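Trainee: I should like to learn how to read the features of a structure that is new to me. May we go through them one at a time?

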Amino acid sequence: MEAMSSSLLHSFFFLSLLFSLANAVPRIHYHDFIVQSTPVKRLCNTHSSITVNGQFPGPTLEVNNGDTLVVKVVNRARYNVTIHWHGIRQIRTGWADGPEFVTQCPIRPGGSYKYRFTVQGQEGTLWWHAHSSWLRATVYGALIIHPKEGNSYPFPKPKRQTPLLLGEWWDANPIDVIREATRTGGAPNVSDAYTINGQPGDLYNCSSKETVIVPVDSGETNLLRVINSALNQQLFFSIANHKMTVVGADASYVKPFTTNTLMLGPGQTTDVLITGDQIPARYYIAARAYASAQNAPFDNTTTTAILEYKSAPCPAKGASIRPVLPSLPAFNDTATATAFSTSFRSPGKVEVPKEIDESLFFTVGLGLNRCPSGAMSSTCQAPNGTRFTASMNNVSFVLPSSFSLLEAHHQGIPGVFTTDFPAAPPVKFDYTGNVSSSLWQPTRGTKVYRLEYGSKVQVVLQGTSIVTAENHPIHLHGYDFYVIAEGFGNFNPETDTSKFNLDDPPLRNTVSLPLKGWAVIRFVADNPGVWIMHCHLDVHISWGLAMAFLVDNGVGELESLEHAPEDLPLC
Ligand code: C2O
């Protein structure tokens, strides 16, 4: 054993030597993130927002595939904080993943923690965000991964590259918004604006001067890296008069396809090429809600930026001429959302896991908790005097508080979690029909599903119409997965397997679970650690729409979780 691993190690060093001779050496990028309170003025009012380094959105990180990032996060704010590197595989470095109480305890005010991880085999657009309460409303930024130095994109090199972070702004302290909802049991207030790179755009009050300008020149082809960093809303995105060619998503390349509209759930990224082939002028870039739930309040405003041709005649640049607005789909246009999400393919044939070791079926949806008798009605503000909740397989996820799940697992600390997360819902029912209210109240628990290293996993994610059906962006940490099929209604194992794409399905880290529908994902559990899977609508995580996979170590060091960093924050 010893001899084998040392000879493996030798050939590894020899290979990396060869590679570094052939290519540029991977680099290590050092950054300091100071989390602090910063005055930010939007919609005519100034708030003390929590930011990184006083920037909103936060700094853009740019690396090459294969590089290492070392980010020292110093918490000078009054809240606990952690940072998650959304979509980074974190192979063997689960300690740097970031979700509070899952892979680490929070960084307390005054504390600090150094996140260290290597980007392995991912190229395109990801992002980073706080993973603690609702801090990510203002604590987020782009994480751009270029090809290895000397390598090129699988498309003509774009002239310019612009990250476009779509966000959500409250004319309030977002932490107060979720605290209030937690107190009342009702739904939190919806946002007051959407933003593009932190700016609402000139359709909102007091916002016209700061509207984001995206430059383009006639004839050039540019790359836009669109990221949905909104807290609670899927968004449609369009550019007036310009078609977009989708070339990547979630830091994987896709088979290019052309579209007028994107739909991104929170957590998802889409890389598109646009060509300056229109009359030189100014065109609106716009985003607004894809709101799939019936009768649920949502922010129905529209955020804009301006695509501006450098050669546009001067008067066109003046504020007097309004740019053309693109036509965006209706808020409830599920057909357009579906047409978009089913257009994704990998660029060619891919290795989809075939013989499945773990065939899992997870229901995903909301619920209502009955209030204990004698509870104050002000704390039972969900329908019929209840409190909102959410669950997977009827378990509403509760975070631990004394140890993170990863520490508890790694150090064998008992009593922090149990490994009995169910492989299927405890009761089978018509998930997308009229669900009997006896099934509306989940149980609470800190349950994980244990996976052997290397097991081939299939998860059927099944939306429910408990309380209200809606589209859910389901995100898995530590992995990319193939989305091999999606559809409406209840998943039927007899007939729906014929829809499986085992040829060229897209690789994602967040799947948009269709309204009253299902999606099937597959991955190989080759990354040991504890990995949370959750709905990326923060209001749903707050209500418990999450679970975690515990992936065991494999054989030897290269299949095992690294040791915990010395500065890992304690609870
Ligand atoms: Cu981008 Cu657990 O999240």
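Trainee: How many salt bridges are there between domain 2 and domain 3?

Mentor: This is a predicted model, and in it the count between domain 2 and domain 3 is two salt bridges. Asp 250 forms a salt bridge with Arg 508, and their closest N and O atoms are 3.0 Å apart.

Trainee: How many residue pairs are in polar contact between domain 2 and domain 3?

Mentor: There are 16 such pairs between the two domains, counted where both residues have pLDDT 80 or more.

Trainee: Which elements each supply at least two residues of the side of domain 2 that touches domain 3?

Mentor: They are helix H2 (174-184), strand E15 (252-259) and helix H4 (334-341). H2 gives the largest share of that side, four residues. By kind, the residues of the side of domain 2 that touches domain 3 are nine nonpolar, 17 polar and three charged.

Trainee: Where do the domains lie along the chain?

Mentor: Domain 1 covers 22-146, domain 2 covers 161-341 and domain 3 covers 358-559. The contact between domain 2 and domain 3 draws on 29 residues of domain 2 and 31 residues of domain 3. The centres of these two domains, taken over C-alpha atoms, are separated by 28 Å.

Trainee: What is the area buried between domain 2 and domain 3?

Mentor: In general, the size of an interface is often given as the accessible area lost when the parts come together. Here the buried area is about 2,200 Å², and carbon and sulfur atoms give 48% of it.

Trainee: Which residues does the UniProt annotation cover?

Mentor: The unreviewed UniProt entry carries the annotation "domain: Plastocyanin-like" for residues 35-149, 161-311 and 420-553. Over residues 161-311 the chain is 48% strand and 7% helix, with the end C-alpha atoms 18 Å apart. Over residues 420-553 the chain is 41% strand and 4% helix, with the end C-alpha atoms 19 Å apart.

Trainee: What should be noted about the backbone: which residues does a cis peptide bond join, and which residue other than glycine has a positive phi?

Mentor: The general idea is that most residues other than glycine have a negative phi, and most peptide bonds are trans. In this model, a cis peptide bond joins Phe 56 and Pro 57, with omega about -10°. Pro 57 is in the loop between strand E2 (45-52) and strand E3 (61-64). Phe 101 has a positive phi, near 70°. Phe 101 is found in the loop between strand E5 (83-86) and strand E6 (112-118).

Definitions and conventions
Residues numbered from 1 in each chain as written. Predicted model: local features only at pLDDT ≥ 70, side-chain atom pairs only at ≥ 80, totals over all residues. Heavy atoms only, no water. UniProt positions renumbered as here; feature names shortened; annotations may be inferred. Domains from an automatic or database assignment. Contact = heavy atoms within 4.5 Å. Buried area = accessible area lost by both parts, 1.4 Å probe. Salt bridge = Lys/Arg side-chain N within 4 Å of Asp/Glu carboxyl O. Polar contact = N/O pair within 3.5 Å; in protein donor to acceptor, adjacent residues only side chain to side chain. Nonpolar A, V, L, I, M, F, W, Y, C, P; charged D, E, K, R; others polar.
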